[in-house]
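Hello,

Here is the structure I said I would pass on. My notes on its empty spaces and on one helix pair follow below.

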Amino acid sequence: MYIKGEPRKFDPKFRGPVHNRRCTDIICCVIFIVVILGYIALGVVGNIVYFAAWVHGDPRKVIYPTDSYGQFCGQRDTFNENKTILFYFNILKCASPVVLINLQCPTTQLCVSKCPDRFATYTDVQASYRYRPEQWNYFKQFCKPGFNNPRKSVAQVLRDEDCPSMIVPSRPFLKRCFPDFSTKNGVLTVANQTTFKDGRGKTRNVTDLREAANGINIVLDARSVGMKIFEDYAISWYWILIGLFIAMLLSLLFLVLLRFTAGVLFWIFIFGVIGIIGYDFFKICLCTLQTHSCYIDSFLKGIWHCYWEYDHLKGIPGSDLTVYDIGFQTDFKVYLQLRQTWLAFMIILCGVEVIIILMLIFLRNRIRIAIALLKEGSRAIGYIMSTLFYPIVTFLLIAICISYWAVTAVFLATSGEPVYKVMANQTLCKYANLTCDLETFNTTNVTKLCPGAQCTFAFYGGESLYHKYIFIFQLANAFVFLWLVNFAIALGQCTLAGAFASYYWAYRKPADIPVWPLFSSFGRAIRYHTGSLAFGALIIAIVQLIRVILEYLDHKLKGTQNSFTRFLLGCLKCCFWLLEKFLKFINRNAYIMIAIYGKNFCTSAKDAFYLLMRNVVRVAVLDKVTDFLLFLGKILVAGGVGVLAFFFFTQRIPVFAQEVPMLNYYWVPLLTVIIGSYLVAHGFFSVYAMCVDTLFLCFCEDLERNDGSTAKPYFMSASLHRILGKKKLSPKKAMG
């Protein structure tokens with residue numbers, strides 16, 4: 001380990017990223033490969049204990065509705081091939097749309113070819129079937145398949161649920177029949193009627209249907225809005241792509257200009273903060289305490305305003321009282337009538353102003369180094385432009401991980417055979433909610449003990465070992481997903497770090513920069529350091545999984561009255577959030593050291609941590625300066641493109657007024673362009689941030705390894721060398 005004050009041993013052959021490497025963290029690499037193979041097995045094949053999700057699962061169980069017999073509605077080559085919609089015998093038994101969609105409504109469910117378009121009851125149809133057979137022929141299509149006995153008593157039909165007691169005009173939504181609600185003169189109606197017969201001798205209001213299908217109209221309206229949004233995307237997608245392309249060009253332009261404007265932007269911001277504190281800040285804050293509007297001309301200024309108020313209150317009765325004298329007041333404007341309050345504010349603001357000025361004075365050299373590194377980062381990206389497009393690779397890898405995780409989760413959730421349970425109208429039936437066999441149910445005595453009970457489809461599952469551990473498999477699916485996503489991010493960081501380290505350790509720039517530094521760095525990371533990257537990603541994935549579990553527990557315990565439990569969960573969530581942030585910071589710098597020296601993860605993390613601690617002030621200054629400039633860049637790119645898109649889609653640019661598509665909601669492409677532009681800028685600037693972090697670690701290593709002499713020359717740029725005030729660079733280096 002390096003000891004402060006002792007120079008590092010100089011390696012005359014050291015020229016940046018080590019090329020003679022060995023594989024690191026081999027055990028973790030092997031485990032990682034085995035886990036990936038097992039993850040594939042979980043979704044594709046299976047083993048001797050269980051069949052995997054992709055064999056058991058069937059995503060049609062999520063997409064298509066299922067009747068009471070466990071058959072898909074609309075499935076080809078089945079009895080339901082032409083019956084694509086699910087019909088509920090008695091929708092009044094359904095508590096809410098969520099219950100319906102989850103197939104938990106305790107009533108018979110059948111697949112039909114179309115929804116009812118009229119009011120009718122079984123009692124009326126049975127009474128008139130002899131002289132109006134067409135009514136029976138229409139009604140029986142909503143009865144159980146094969147039932148054609150209108151002579152059967154109404155009581156028996158309703159008990160056995162051979163037919164629904166009534167049908168109401170409905171329309172399909174999510175391939176299910178829901179009442180066709182409408183509003184007429186502010187009154188809720190169904191087919192222009194406010195009442196209906198329920199087939200059991202009662203006349204009911206359509207509001208009963210509304211209660212049973214609560215929220216359906218809102219969902220239907222949302223569906224209409226969704227269709228309009230889809231139409232807007234369909235006719236404006238190419239303009240959206242043009243907007244994102246402009247955002248890409250602006251991001252590139254901003255990164256190039258940072259080489260020349262980083263210092264100017266930073267100092268403008270700093271002096272702006274100083275000016276606000278001494279000029280506008282305090283009065284702006286006080287505007288929130290005023291009951292009247294804050295006009296621009298009332299912005300008497302910060303420290304000066306405090307002094308002016310302090311002097312103005314002199315001699316006014318009551319203004320010389322102290323805060324202690326008046327005690328606590330709910331009206332905070334009372335305190336503004338005291339001279340002591342304004343004196344305290346003035347002292348606080350003066351203190352903040354002095355602290356900022358002193359920090360700038362004592363940290364001026366480190367700020368100059370940070371700005372020089374930002375400029376150097378822009379120069380490095382200019383020489384290795386291919387790095388700007390590497391985030392596309394990371395995006396594709398993460399997209400593959402998300403897709404595989406989602407598909408596997410769906411197959412796991414839908415795996416199994418249909419499970420049937422007893423649905424009883426009587427609440428005291430002891431067989432209610434017990435599993436049953438659909439084929440033998442009618443031969444049991446359940447229907448005798450519980451009249452009207454049925455054996456209906458409940459859900460998909462099973463009693464096998466696989467189905468007992470389905471939750472464990474879902475948890476494993478989530479964990480491996482987090483591991484793979486973090487590995488993809490780690491691979492990108494290590495690859496970029498290796499490329500930018502090749503730039504820094506090139507003695508003569510750009511002559512000594514290796515050919516294809518990005519591809520070489522990617523090859524080294526995959527070939528030698530898969531285990532190390534997987535190790536770092538594993539640590540992050542474990543912490544993230546714990547956070548997911550804590551969020552799940554917090555959601556489950558949200559209704560509990562135990563305040564201590566909620567407090568404990570809140571503390572744990574906060575601690576693990578902080579831990580994740582810290583580990584990501586350490587991992588990021590560990591990957592840089594891996595890219596440079598090729599050591600294992602633990603050694604690299606230790607070296608990076610100690611190196612950062614020896615330069616902790618520089619780290620803090622560089623981090624804040626970089627964060628500010630990159631955030632400013634994201635806002636400028638997203639805001640600039642957003643303003644341009646706003647003027648375009650609202651037809652305020654005369655030249656393109658005829659080209660603007662007719663939209664339902666102009667904010668749909670506008671928000672898409674703004675959010676997309678921000679993400680595009682974030683992708684480019686993340687490369688820049690990685691470049692600056694890599695150059696900073698290389699800079700710190702350069703200072704500790706070398707002293708600027710002929711034997712141990714610096715690799716830093718001439719501008720950094722001038723800021724440090726060290727010995728002169730060698731002639732070759734100065735010219736390079």
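**Cavities, pocket and a helix pair**

The second largest cavity has a volume of about 70 Å³. Please keep in mind that this is a predicted model. The lining of this second cavity consists of Phe89, Asn90, Lys93, Thr107, Leu158, Glu161, Cys163, Pro164, Ser165 and Arg200. By class, four of these lining residues are nonpolar, three are polar and three are charged.

In total, five cavities of 30 Å³ or more were counted. The largest cavity comes to about 100 Å³. Around the largest cavity are Phe87, Tyr88, Phe89, Asn90, Ile91, Met166, Ile167, Val168, Ser170, Cys177, Phe178 and Pro179. Phe89 and Asn90 therefore line both the largest cavity and the second largest one, by the definition of lining residues used here. Strand 1 (85-88), strand 4 (166-167) and strand 6 (176-179) each give at least two residues to the lining of the largest cavity, and strand 6 gives the most, with three residues. The class split for the largest cavity is ten nonpolar, two polar and no charged residues.

The largest pocket is a separate entry, with a volume of about 1,700 Å³. Its lining has 49 residues, and those nearest the centre of the pocket are Ile489, Gln493, Arg588, His682 and Ser686. Two or more lining residues come from each of these elements: helix 9 (216-279), helix 15 (390-413), helix 18 (470-504), helix 20 (530-556), helix 21 (563-597), helix 23 (616-649) and helix 24 (667-705). Helix 24 has the largest share of the pocket lining, twelve residues. Sorted by class, the pocket lining holds 30 nonpolar, twelve polar and seven charged residues.

Helix 18, one of the elements that line the pocket, also packs against helix 19 (residues 517-528), where the two axes come within 8 Å and cross at roughly 130°. Why are helix 18 and helix 19 called oblique to each other? An angle counts as oblique when it falls outside the ranges under 35, 65 to 115 and over 145 degrees, and the crossing at roughly 130° is therefore oblique. The crossing of these two helices is right-handed.

On the helix 18 side, the contact is made by Leu491, Cys494, Thr495, Leu496, Gly498, Ala499 and Ser502. Helix 19 contributes Pro517, Leu518, Ser521, Phe522, Arg524, Ala525 and Ile526. Taken together, the contact residues are nine nonpolar, four polar and one charged.

Regards

Methods. Residues are numbered from 1 along each chain as its sequence is written. This is a predicted model: local features need pLDDT of at least 70, side-chain atom pairs count only at pLDDT 80 or more; totals for chains, interfaces and linings use all residues. Side-chain values use heavy atoms; hydrogens and water are left out. On a 1 Å grid over the protein atoms alone, a cavity is a set of points where a 1.4 Å probe fits but cannot get out, and a pocket is an open set with protein on both sides within 12 Å along at least five of seven lines; lining residues have an atom within 4 Å of a point. Grid points are joined across faces, edges and corners, and a volume is the space filled by probe spheres set on the points. Helices (H or I, at least four residues) and strands (E, at least two) are DSSP runs, numbered from the N terminus. Ala, Val, Leu, Ile, Met, Phe, Trp, Tyr, Cys and Pro count as nonpolar, Asp, Glu, Lys and Arg as charged, and the others, Gly among them, as polar. Axes are lines fitted to C-alpha atoms, for helices over the stretch in contact, and angles run from 0 to 180 degrees between N-to-C directions. A crossing is left-handed if the near helix is turned anticlockwise from the far one by less than a right angle, and right-handed if clockwise. Contact means heavy atoms within 4.5 Å.
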